[in-house]
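Visitor: I am new to this structure and would like a close look at a single part of it. Please choose one strand, and explain the terms as you go.

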Amino acid sequence: MSAATVEPPVAPAPRAQDAHAGTGVHVAPAARPLGSVDRPTISFELFPPRNPQAAPRLWETVRQLESVHPDFVSVTYGAAGKTRETSRAFVSRLLQETSLSPIAHLTCVGTSRAEITAIVEEFLDEGVRSFLALRGDPPAGEPDWRPHPEGVETASALVELLREIEARRCVASPSQAVRARVRPLSVSVAAFPRGNAATGGTRAQDVASLLAKQDAGADFAITQVFYDAEAYLGLVAEAREAGVVIPIIPGIIPTTDPARLLRVQELTGVPVPRDLLDHLGAADDELDRHRRGIRAGVDLINGILDGGAPGVHVYTYNKHEAALDLLEGARLDGKQRD
């Protein structure tokens with residue numbers, strides 16, 4: 001989608017919340033369009049199996065997620081290309097054996113332009129037409145680390161490189177040029193609702209970075225995790241004021257597992273609200289904790305959709321149960337209800 005053709009989202013009418021008879025989950029009313037072209041998008045993040053033993057469980061998750069017909073799934077790519085081969089193999093299998101549309105993550109930290117070009121060519125040759133362009137994080141525990149002298153140092157520069165590679169392939173091959181018009185290359189980027197805590201960045205700095213990524217050719221953005229609607233809605237408002245017009249998809253983590261939430265906090269620097277942890281900790285048992293987490297997630301989804309979000313991107317951690325319960329609670333699973 002061209003940035004020039006994106007129209008500002010129209011906020012839906014306010015919606016009441018009621019309780020799902022089976023789970024006690026707050027849900028949106030039936031007024032939300034289902035099966036229509038303007039339904040909110042749904043998408044998931046997956047990572048390649050870390051060992052052969054994990055593969056069967058991952059593919060069961062893939063099949064379960066496929067059943068709700070997501071608009072796309074993104075596939076992570078380890079820092080400095082640590083999962084290069086497994087990521088490529090996983091994406092290739094998704095293309096060949098499922099109906100899913102994969103987006104391949106791509107990082108540029110510690111990698112030369114030539115190496116990145118080779119990686120992109122591999123993905124393109126496999127039939128990949130979508131990338132998530134990320135700067136990536138420097139290796140942990142290496143205070144003297146320096147960027148690759150012949151590398152790409154920013155996500156916006158990586159977006160430009162992806163566009164250059166695609167243009168060069170189209171010039172070299174008329175057949176490729178035709179295929180590129182039928183299936184245009186899509187490039188997405190990251191956004192940070194309260195700034196990139198891992199690097200000490202502010203929201204204002206991220207908005208400026210998002211504008212640079214848009215100018216470089218990004219088609220849409222996916223946010224880092226957040227826990228309150230205002231974090232996302234505030235980012236969108238500031239970005240629009242600055243001239244960012246590409247869609248910004250909110251990234252949501254199911255809030256059912258306190259240990260995972262704290263691990264994500266450690267990795268990203270995004271703090272988990274104390275009241276959410278206390279609420280989960282007050283559960284009578286694991287099932288009650290799961291229900292409490294799903295209710296909190298559904299309330300967050302309803303808040304951002306009411307504010308005009310185009311859809312939701314769920315960080316699954318290769319587990320389908322909580323992700324699908326979250327979509328069911330928010331009535332985004334495409335199922336018709338009485």
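Guide: What follows looks closely at strand β7 and then at the sheet around it.

This is a predicted model, in which local features need pLDDT of at least 70 and side-chain atom pairs count only at pLDDT 80 or more, while totals for chains, interfaces and linings use all residues. Residues are numbered from 1 along each chain as its sequence is written, and side-chain values use heavy atoms, with hydrogens and water left out.

The secondary structure of the chain comes to eleven helices and eleven strands, where helices (H or I, at least four residues) and strands (E, at least two) are DSSP runs numbered from the N terminus. Strand β7 covers residues 186–191, and six of its six residues are buried, a word that here means under 20% relative accessible area, with exposed meaning over 50% and partly exposed lying in between (1.4 Å probe, protein chains only). On one side of β7 the buried residues are S186, S188 and A190, and on the other they are V187, V189 and A191, which leaves both faces of the strand covered. For the whole chain of 338 residues, 48% count as buried.

Strand β7 has a partner on either hand, and two strands are said to pair if DSSP finds at least two bridges between them. Strand β6 (residues 130–134) runs parallel to β7 and is joined to it by four bridges, with S188 in β7 as the bridge partner of L132. Four bridges also join β7 to strand β8 (residues 220–223), again in parallel, and there the bridge partner of V189 is A221 in β8. Between β7 and β8 the chain passes through helix α6 (residues 203–216), and this β-α-β crossover is right-handed; that term applies if, with the strands pointing away from the viewer, the path from the first strand over the helix to the second runs clockwise.

In the wider setting, β7 belongs to an open sheet of nine strands with parallel pairing, in the order β9-β8-β7-β6-β5-β4-β3-β11-β10. Its edge strands are β9 (248–249) and β10 (251–252), each of which pairs on one side only. At the β10 edge, two bridges join β10 to β11, and these strands run parallel, with I252 standing opposite V314 in β11. Helix α11 packs on the sheet, touching β3 (41–46), β10 and β11, and its direction makes about 170 degrees with that of β3. Contact here means heavy atoms within 4.5 Å, and angles run from 0 to 180 degrees between N-to-C directions, with axes being lines fitted to C-alpha atoms, for helices over the stretch in contact.

The loop between β11 (311–315) and α11 (321–329) holds Y317, and N318 lies in that loop between β11 and α11 as well. Most residues other than glycine have a negative phi. Phi of Y317, however, is positive, near 55 degrees, and N318, which is not a glycine either, has a positive phi of about 60 degrees. Y317 counts as partly exposed because its relative accessibility is 24%, whereas N318, at 13% relative accessibility, counts as buried.
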